[in-house]
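Got a few minutes to poke at a model? Let's go through some labels and ask what earns them.

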Amino acid sequence: ILSGRRSRRHSSYSPKKGGGNSLRDERGRGRGGEGKGERGGVQRLHQVHAIDATERSKADCVQLRRQEYEKLRFEQFRAVRSYFKEGMLDLSDSSIAVFQFLNSFFKHGFHECTRLLESHITPIRSKINQKREDVNKKLMAENSAKRIFFNRLKTLRFETHTMEHVRLNIPGLTSVIRANSITDTNSSGEDKINKCGYLFKKGAGFSKAWRRRWFFISDSSLLYIRNERDQEKNHVADLVLTSVKEVKNGERPFTFCLINPQKSREYLLQAKSFVDMREWITALQQVQERKLYAQGVVNSDNVQNSTKTNSKSTSTSTGTSTRIHYDKISAIEKIRRLNPFCTDCGRKDPDWAVINLGICICISCSGIHRSLGVHVSKVRSIRLDSWKPSVLNLMCQVGCRAFNNIYEAKLGAIDDSVKPLPQASKDQRKIFIRQKYVDKVFVKRTNSDEYSRKNECQLKAFKACADNDILNLLECYAQGFTFNTLDNTGATLLHIAARNGSNHALEFCLQNGCDATHKDNDNKTALMYSEERNHDTCKEILLLYS
């Protein structure tokens, strides 16, 4: 029974088939595991010690490398310090050597140079003094020639249109008129062309093409040649009667135009540059001024001769109308009494006149008036130019005070409007004169509308022409009235003046652009009316303009 129980007990705890005794296996397995664990721990301990030894050897290597680096860095730093110290010592030594050299150079070389230059300075200084004396002598001679030149200008008559007669027999005056001064003459007496060159001219045909032509100035006229094959001289304009002005904001740059009041066409010319354009404008304006000066000098002898001649012709003439009393001396004296000062700046004793307005201006304002164009101001010299009787009588009708009462009526009422003084600058004069004569800012307008004002001016102007009233006619002109306006019969102001024998009004209208060739509804001109009614004075004036 016990054996059976024991066998069943063992059989109940027996391992699987082929497993052996489980208890023994477990015990054996426990003893073997304990041995293996002890051997693994020893191995791990050896490994740790090996790792520690390796790490210590690496740390020692790093420490050694760091020590070597610090040693090398210290040696490098010490070498650099020693280099700088030695370099500074060398630099100081070199600087001291340079200073010693400069000291010895200036100490010994200066005395040597002074000794060598003393032999040359004295003769050079003597030559300079001699040249200075020669220059002073030449300046004195030129000043003397200048005084003689100015004295001759006051009395010389420019009949030959040349400056040779002015410079003749003046010792020390050897200057020659250069280009851009007016014209000069050669030995044969012919005019020299002193300004020429290529310009583009705008055509007058349907295409209005710009073509390049060779322009030149000859005998107060502007001419051009088409090309080398066609060298025929083509006349452009008479510069005495032509105004030149720059065209701003035109279709081409560097453009200027020539305006002739007797012709409806304006010549547009283009230069190659701004400088060339200014040279052309200056040359053309100077030609005009030179020819105006060349018309003659009004002196006492000439005035007396012309007075005698005109008095004889007046006494022998026939007709019921009264002739113009042509006494230049008395007329010029009256003009000076009516214009004791410049109309624009107030300078005393002006020597220039605006003949289409009947006023006198100074020489500073005359240049600005010329730049406005002959359709605005026709400037003449009281002393240098020759005068027609009708112009002299017209100048005796206005005067600066009566003129300014019309053209400067609102001068004080407008802000920032100041009349220039005699010492004013050119820009100040230019602004004021343009406002006064072109824009007519200071003219007092009537309160009526434009249409009514135009009708009033027309009635007033025709009545003034019939009455030979220049001041009322001048007021209408300042209001903007056009002198070529027609009445119901197709007549202009010239027809009214010619019918009534109003010689002053006739001259004033002609000077300001009225057409002398216009015919009214009866197909008659103003000249025909003056012939029908025997107004010889008006007839003579109209014949000059017709």
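Q: This is a predicted model. Which residues does R213 touch, leaving out those up to four places away in sequence?
A: R213 touches G197, Y198, L199, Y224, I225 and R226. What makes these count as contacts is heavy atoms within 4.5 Å. R213 itself lies in strand β2, residues 210-218.

Q: Why is R213 called buried?
A: Buried means under 20% relative accessible area. R213 comes in at 14%, so it gets the label.

Q: And why is T343 called buried?
A: Same kind of check: the cut-off is under 20%, and T343 has a relative accessible area of 0%, so T343 is buried. You'll find T343 in the loop between α6 (328-338) and β8 (352-354).

Q: What makes the T343 and C360 pair a polar contact?
A: A polar atom of the T343 side chain lies 2.8 Å from the backbone oxygen of C360. The limit for such a pair of N or O atoms is within 3.5 Å, so the 2.8 Å pair fits. C360 is also on the contact list of T343, which includes I359, I361, F403 and Y437.

Q: Which residues of helix α12 are buried, and what covers them?
A: In α12 (residues 470-478), the buried ones are I470, L473, L474, C476, Y477 and A478. Their cover includes α8, α9, α11, α13 and α14.

Q: What is found at the start of α12, and what follows the helix?
A: At the start, a side-chain oxygen of D469 reaches to within 3.4 Å of the backbone nitrogen of L471. After α12 comes G480, with a positive phi near 100 degrees.

Technical notes: Residues are numbered from 1 along each chain as its sequence is written. This is a predicted model: local features need pLDDT of at least 70, side-chain atom pairs count only at pLDDT 80 or more; totals for chains, interfaces and linings use all residues. Side-chain values use heavy atoms; hydrogens and water are left out. Buried means under 20% relative accessible area, exposed over 50%, partly exposed in between (1.4 Å probe, protein chains only). Helices (H or I, at least four residues) and strands (E, at least two) are DSSP runs, numbered from the N terminus. A polar contact is a pair of N or O atoms within 3.5 Å; within protein, one must be able to donate a hydrogen and the other to accept it, and residues adjacent in sequence count only if both atoms are side-chain atoms.
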